[in-house]
Amino acid sequence: MPAWDRTWRREARVAWWCGLALTGALVAADVARGGLDGLRGCCWVVLGGTLVAVLRPVRITAGDNWLAARGLFREHRVRTDLLTQVRRADGVAPRLVLRDAGGNRVELDPRVLAANPLLWHYVETAARTAHRRGLLREGAVPLAVLTDRIDGEITRRLLESAGLE
């Protein structure tokens with residue numbers, strides 16, 4: 001049974017609201033100054049739609065031995081039991097880059113895995129399999145760091161929900 005990012009719908013909804021708010025503000029400003037025509041209205045709609053496309057999050061799903069990231073136009077998929085590389089790309093937004101033996105590549109936000117224990121379970125279990133097979137040559141350290149962080153967060157959430165802070 002596949003698992004998916006439980007926060008995706010909320011984030012996608014926020015992206016739509018931001019795009020609608022920008023379009024509404026621009027149209028309202030043009031109406032207030034008396035300069036709105038069809039061409040300008042279309043430009044504001046396109047600008048709002050572009051903002052939605054930029055802000056819309058990637059949808060992450062996983063199952064037994066696979067992980068997929070669906071963007072706006074395409075889906076990238078890796079076989080997690082055939083991982084050869086796990087790399088952390090730091091920058092403005094930290095990313096986790098996964099590569100498999102077939103050359104496929106997926107980039108995702110590590111916070112998605114931390115927020116979704118079932119997704120993390122699928123990825124971690126298959127990555128251990130790849131490591132045991134000797135395929136995962138690069139990435140044991142980033143995976144261990146991520147495992148410690150995610151396990152700590154999950155434990156903290158469980159203790160808080162049980163009232164044992």
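Colleague: In what order do the three strands of the open sheet that includes β6 lie?

Modeller: The model is predicted. The pairing in this open sheet is antiparallel. β5 and β7 (105-108) stand at its edges, each with a single partner strand, so one side of each has no neighbour in the sheet. The order is therefore β5-β6-β7.

Colleague: How many bridges join β5 to β6, and how many residues lie between them in their hairpin?

Modeller: β5 and β6 pair in the antiparallel sense, and Leu83 has Asp100 in β6 as its bridge partner. The bridges between β5 and β6 number six. Between the two strands of the hairpin lie five residues.

Colleague: Which residue takes a positive phi in the hairpin of β6 and β7?

Modeller: Strand β6 (residues 95-100) runs antiparallel to β7, with four bridges joining them. One bridge pair is Val97 and Glu107, the latter in β7. The hairpin has four residues between the strands, and the one with a positive phi, near 90 degrees, is Gly103.

Colleague: Which strands form the edges of the open sheet of four strands?

Modeller: The four strands follow the order β1-β2-β3-β4 and pair in the antiparallel sense. An edge strand here pairs on one side only. The edge strands are β1 (3-4) and β4 (75-78).

Colleague: Which residue in β2 stands opposite Trp4?

Modeller: β1 and strand β2 (residues 59-63) are antiparallel and share two bridges. Opposite Trp4, in β2, stands Thr61.

Colleague: At what angle to β2 does helix α4 run?

Modeller: Helix α4 (residues 117-133) lies across β1, β2 and β3 (66-70). Its buried residues, among them Leu119, Trp120 and Val123, pack against β1, β2, β3, β5 (83-89), α3 (110-115) and α5 (140-162). Relative to β2, α4 runs at about 55 degrees.

Colleague: Why does the distance between the end C-alpha atoms of α4 agree with its number of residues?

Modeller: α4 has 17 residues, and at 1.5 Å a residue they should span 24 Å. The expected span is 1.5 Å times one less than the number of residues. The end C-alpha atoms of α4 agree with this because they are apart by 24 Å.

Colleague: Which residue follows α4, and what is its phi?

Modeller: The residue after α4 is Gly134. Its phi is positive, near 85 degrees.

Colleague: Which helix gives the most residues to the largest nonpolar core?

Modeller: This core has 25 residues, of which Leu67, Leu83, Leu98, Leu108 and Leu113 touch the most other members. At least two residues come from each of β2, β3, β5, β6, β7, α3, α4 and α5. With six residues, the helix that gives the most is α4.

Colleague: Which residue of α4 does Leu67 touch?

Modeller: Leaving aside residues up to four places away in sequence, the contacts of Leu67 include Ile60, His76, Leu98 and Leu108. Helix α4 covers residues 117-133. Within that range, Leu67 touches Val123.

Colleague: Is Thr23 buried or exposed, and which backbone oxygen does its side chain reach?

Modeller: Thr23 lies in helix α1 (residues 8-33). Not counting residues up to four places away in sequence, Thr23 touches Trp44, Val45 and Gly48. Its relative accessibility is 14%, and the limit for burial is under 20%, so Thr23 counts as buried. At 2.9 Å, its side chain reaches the backbone oxygen of Gly19.

Definitions and conventions:
Residues are numbered from 1 along each chain as its sequence is written. This is a predicted model: local features need pLDDT of at least 70, side-chain atom pairs count only at pLDDT 80 or more; totals for chains, interfaces and linings use all residues. Side-chain values use heavy atoms; hydrogens and water are left out. Two strands pair if DSSP finds at least two bridges between them. Contact means heavy atoms within 4.5 Å. Axes are lines fitted to C-alpha atoms, for helices over the stretch in contact, and angles run from 0 to 180 degrees between N-to-C directions. Buried means under 20% relative accessible area, exposed over 50%, partly exposed in between (1.4 Å probe, protein chains only). A polar contact is a pair of N or O atoms within 3.5 Å; within protein, one must be able to donate a hydrogen and the other to accept it, and residues adjacent in sequence count only if both atoms are side-chain atoms. A nonpolar core is a set of buried Ala, Val, Leu, Ile, Met, Phe, Trp, Tyr and Cys residues joined through side-chain atoms within 4.5 Å.
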